[in-house]
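Welcome! Let us take a walk through a protein model together, one place at a time.

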Amino acid sequence: FGSRRCAVSCRIVAGFAGAMGQAGQQRSRQKKICNKKTVKKVKSTVEKKAPKLRKNIQPGQILILLASKFRGKRVVFLKQLESGLLLVTGPFALNGVPLRRVNQRYCIATSTKVDLGGADFKSITDSYFSQEKTGKKGLKGQEKFFAAEAPKKVLPQEKKDGQKKTDDAIIKGLGNDVKSYLKSRFSLSANMYPHELKF
């Protein structure tokens with residue numbers, strides 16, 4: 001009889017412990033559900049600052065381009081734009097480099113400096129280089145494959161006139177030795193080490 005009482009009491013205790021365990025699990029689940037908070041994404045309001053211009057780069061300085069299809073060309077630095085990119089020109093009449101933006105990371109500043117001759121390039125900003133969107137870009141799959149070829153980009157006459165006006169003012173103050181220097185492309189030959197060169 002005593003053993004039956006022990007067995008019954010053990011079952012009651014086990015059942016009570018099981019019920020308490022289930023209740024504890026439910027409470028913990030409820031706590032987890034209640035603790036979940038909806039976090040709203042906040043747009044970053046930090047404005048990107050344009051990088052500072054290197055000390056050895058000044059208006060009129062001749063730079064050597066290290067990237068793009070004009071790599072190795074020597075160009076004249078005009079000013080730094082709001083985006084932080086550098087505005088340079090060949091001039092186009094000498095070496096075929098038009099007005100363009102370049103990153104100062106991909107430029108070598110030389111010790112040669114030229115007189116800009118009062119060239120007016122204040123109106124040239126980042127918006128000057130914005131490109132018009134074409135309708136062919138949005139097509140996909142077969143439509144894009146069978147679409148007619150996009151017309152070739154033609155430079156507006158205003159930009160051509162602005163390029164010529166800027167270049168003429170700069171070329172007037174250049175000597176023959178500087179002109180030949182701008183026309184030549186920079187390259188390394190045998191037994192030439194970049195870290196030993198003085199630009």
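Leaving aside its neighbours within four places in sequence, which residues is Val88 in contact with? The model you are looking at is predicted, so please keep that in mind as you search. To find your starting point, go to strand E3, which covers residues 86-89 and holds Val88. Once the neighbours within four places are set aside, the contacts of Val88 are Leu63, Val75, Val76, Phe77, Pro98, Leu99, Arg100 and Val102. One of these partners deserves a second look: Arg100 is 12 residues from Val88 in sequence, yet their C-alpha atoms are 5.7 Å apart in space. Is Val88 buried or exposed? Its relative accessible area is 0%, and a residue counts as buried when that value is under 20%, so Val88 is buried.

Now move along the chain to Gly96. This residue sits in a loop, with helix H2 (92-95) on one side and strand E4 (100-102) on the other. Which residues does Gly96 touch, if we again leave out its neighbours within four places in sequence? They are Phe70 and Pro91. Phe70 is 26 residues away from Gly96 along the chain, and the C-alpha atoms of the two are separated by 8.9 Å. Gly96 has a relative accessible area of 26%. Because partly exposed covers the range between 20% and 50%, Gly96 is partly exposed.

Next, let us look at rings. How many aromatic pairs does a search of the whole structure find? The search finds 1. The pair is made by Tyr128 and Phe129, whose ring centres are 5.0 Å apart. Their planes meet at 80°, and planes over 60 degrees apart count as edge-to-face, so this pair is edge-to-face. The two residues fall on opposite sides of the 20% cut-off for being buried: Phe129, at 18% relative accessibility, counts as buried, while Tyr128, at 21%, is partly exposed. Tyr128 has another partner too, as the charged end of Lys159 sits over its ring, 4.8 Å from the ring centre.

Tyr128 also leads us to our last stop, the second largest pocket, with a volume of about 230 Å³. This pocket is lined by 13 residues, and those closest to its centre are Ser123, Ile124, Tyr128, Glu158 and Gly162. What kinds of residues make up the lining of the second largest pocket? The lining has 5 nonpolar, 4 polar and 4 charged residues.

Methods
Residues are numbered from 1 along each chain as its sequence is written. This is a predicted model: local features need pLDDT of at least 70, side-chain atom pairs count only at pLDDT 80 or more; totals for chains, interfaces and linings use all residues. Side-chain values use heavy atoms; hydrogens and water are left out. On a 1 Å grid over the protein atoms alone, a cavity is a set of points where a 1.4 Å probe fits but cannot get out, and a pocket is an open set with protein on both sides within 12 Å along at least five of seven lines; lining residues have an atom within 4 Å of a point. Grid points are joined across faces, edges and corners, and a volume is the space filled by probe spheres set on the points. Ala, Val, Leu, Ile, Met, Phe, Trp, Tyr, Cys and Pro count as nonpolar, Asp, Glu, Lys and Arg as charged, and the others, Gly among them, as polar. Rings of Phe, Tyr and Trp (its six-membered ring) pair if their centres lie within 6.5 Å; planes under 30 degrees apart count as stacked, over 60 as edge-to-face and the rest as tilted. Buried means under 20% relative accessible area, exposed over 50%, partly exposed in between (1.4 Å probe, protein chains only). A charge sits over a ring if NZ of Lys or CZ of Arg is within 6 Å of the ring centre and within 35 degrees of the ring normal. Helices (H or I, at least four residues) and strands (E, at least two) are DSSP runs, numbered from the N terminus. Contact means heavy atoms within 4.5 Å.
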